[in-house]
Amino acid sequence: MLRRKLKNGMTLLVDSRKTDSVAIGVHVGVGSNNENKEQAGLSHMLEHMLFEGTKEKTARELSNAIESVGGECNAHTTQERTYYYVVVPKKYVDRAIAMLFDIMVNAAFDSTSLRKEKNVVINEIRVVDDDPKSYQWIVLFKKLFQKHPAKNPVYGNVSAIVKSSRKNMVSYFKKYYVPNNIIISVSGGAGNAGHMIEKAFASLKQRKIQQVKEVKEKPLQKVVAVKVKRKVEHSYLVIGFRAPPRTHKDSYTFDVIRAILSRGQSSRLFDEIRNKRGIAYTVGADYEGGKTFGIFVAFVSTRKKHVDEARKILLTQVHLPNLSAQEVADAKRYLEGNFMLINEDNKERAEQNALWEFLGKKRDAYVKNIRKVTRADVMRVIKKYVRQKYVEVLIQK
């Protein structure tokens, strides 16, 4: 893979492959963790607004240029980054580059579009809050972190969205959407995409970026149990622990733990809760690691009468009793194989390359780090992180 740092500080990654498609992603190192109280949701709003038209093209013209040739364009925002991507047949790579350049440099931030898009985002917030499977994560993050900005929802809040102005949005955009805060990642039939991107974006001027201040959380002093009453037929339970960020070596061990617990029908939680007892349909575990934070969770959706039984199983299994070396080996092979299959897709591969670059790591080192994990590492990490106090969120009638 070609990696080039442009004079203006922008990073260019070109992963050329023999495929008929090409994916190009623009990774901007800004998300909800960069926001203050008044800016809550601004990173997410910007993601929406960049597709709402440029100085010369309407929103429909922008999307039609890509979709009319069978392509796809979209974006998403997280706590630490915003990612825009286009996937097209490789012969239309020039269209993809032109579209991404246009929205990054010539976004109109039209006031009428802003008023409309505020309503869209507010409706998106309400959809998330209405869905117990989604809302439980909002509550979990709020309770798991007291100081770290990861406690705040990526979508912001309705009050801040309503008050947001075009002036503040443009100011925020100019502050963070600068070349030294951008990674452009190409995967697939790239052709001379790298040269075209470098030529197009080289004129952008770099500026100093304000870094998010490091936040140290005090350990949880007790188990925090939150119950949210909703008119739901099922109960939704999630148990969360603080975990190391993705930049920490223990993050790979958490991937192995997650795979043991929740890699599919052969995983521990599926076997204990669905195969043996049949008390739930949705059950699993997950590890999410960012640049400055991490969480490890186990979750289940079940009938009210089975909640206590399901909770007991989750709290037992997250400690992996009677763990065998074979289970660890199987989990590692699963992660290696799954990583290989996912990265066959250009869209996924382009983003993964950008993400690992953002984290200061190499995508290809992931499998090597997974292979290094031992049973002793798993038990050490569980003792260090999972035996601490946790947060439980339960949504039910």
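Modeller: Before you ask anything, one term: two elements are in contact when they have heavy atoms within 4.5 Å. Keep in mind, too, that this is a predicted model.

Colleague: Okay, what is the order of strands in the open sheet of six strands?

Modeller: Start at the edges: strand 1 (2–5) and strand 4 (72–77) each pair on one side only. That puts these two at the ends of the order, and the pairing in between is mixed. From one strand to the next, the twist averages 15°. Read across, the six strands go 1-2-6-3-5-4.

Colleague: Which residue of strand 2 stands opposite Arg3?

Modeller: Strand 1 and strand 2 (residues 11–16) run in the antiparallel sense and share four bridges. Arg3 falls within strand 1 (2–5). Its opposite number in strand 2 is Leu13.

Colleague: And which strand does helix 3 run at about 155° to?

Modeller: Helix 3 (residues 93–105) lies across strand 3 (21–28), strand 4 and one more strand, at 82–89. The angle of about 155° is taken against that last one, strand 5.

Colleague: On to the open sheet of five strands: which strands stand at its edges?

Modeller: This sheet has mixed pairing and the order 7-11-8-10-9, with a twist that averages 15° from one strand to the next. Each edge strand has a single partner strand, so one side of it is left without a neighbour in the sheet. The edge strands are strand 7 (224–229) and strand 9.

Colleague: What is the bridge partner of Phe241 in strand 10?

Modeller: Strand 8 (residues 235–242) holds Phe241, and it pairs with strand 10 (residues 294–302) in the antiparallel sense over eight bridges. Across from Phe241, strand 10 supplies Phe296.

Colleague: Which helix lies across strand 7, strand 8, strand 9, strand 10 and strand 11?

Modeller: Two helices come up here. Helix 10 (residues 268–275) packs on the sheet too, but it touches strand 9 and strand 10, with its direction at about 160° to that of strand 9. The one lying across strands 7 to 11 (strand 11 being 391–396) runs at about 30° to strand 8, and that's helix 5.

Colleague: Now helix against helix. How do helix 9 and helix 12 stand to each other, roughly parallel or roughly perpendicular?

Modeller: Their axes are 9 Å apart and the packing angle is about 105°. Helix 9 brings residues including Val256 and Ile260, and helix 12 brings Val328 and Leu335 among others. Seven residues of this contact are nonpolar and four are charged, with no polar ones. Angles from 65 to 115 degrees count as roughly perpendicular, so that makes helix 9 and helix 12 roughly perpendicular.

Colleague: Which residues of helix 14 make the contact with helix 9?

Modeller: The axes of helix 9 and helix 14 (residues 365–372) come within 9 Å and cross at roughly 75°. By class, the contact has four nonpolar residues, one polar and one charged. Helix 9 offers Tyr252, Asp255 and Val256, while helix 14 answers with Tyr366, Asn369 and Ile370.

Colleague: How many charged residues are in the contact of helix 1 with helix 7?

Modeller: The axes of helix 1 and helix 7 (residues 166–176) come within 10 Å and cross at roughly 90°. Among the residues that meet are Leu42 and Met45 of helix 1, plus Tyr172 and Phe173 of helix 7. The contact splits into seven nonpolar residues and two polar ones, and for charged residues the count is none.

Colleague: Any empty space to look at? Which helix gives the most to the lining of the largest pocket?

Modeller: This pocket holds about 1,300 Å³ of space. Of its 45 lining residues, Thr78, Arg81, Tyr287, Glu288 and Gly289 lie nearest the centre. The lining divides into 20 nonpolar, 12 polar and 13 charged residues. With six residues, the top contributor is helix 13.

Colleague: And what is the volume of the second largest pocket?

Modeller: Glu80, His148, Lys291, Thr292 and Phe293 lie nearest its centre, out of 40 lining residues. Strand 3, strand 6 (182–188) and helix 13 each give two or more residues to the lining. By class there are 15 nonpolar, 15 polar and 10 charged residues. Its volume is about 850 Å³.

Definitions and conventions. Residues numbered from 1 in each chain as written. Predicted model: local features only at pLDDT ≥ 70, side-chain atom pairs only at ≥ 80, totals over all residues. Heavy atoms only, no water. Pairing = 2+ DSSP bridges. Axes fitted to C-alpha atoms, helices over the stretch in contact; angles between N-to-C directions. 1 Å grid on protein atoms, 1.4 Å probe; cavity = no way out; pocket = protein on both sides within 12 Å on 5 of 7 lines; lining within 4 Å. Points joined across faces, edges and corners; volume = space filled by probe spheres on them. Nonpolar A, V, L, I, M, F, W, Y, C, P; charged D, E, K, R; others polar. Parallel < 35°, antiparallel > 145°, perpendicular 65-115°, else oblique.
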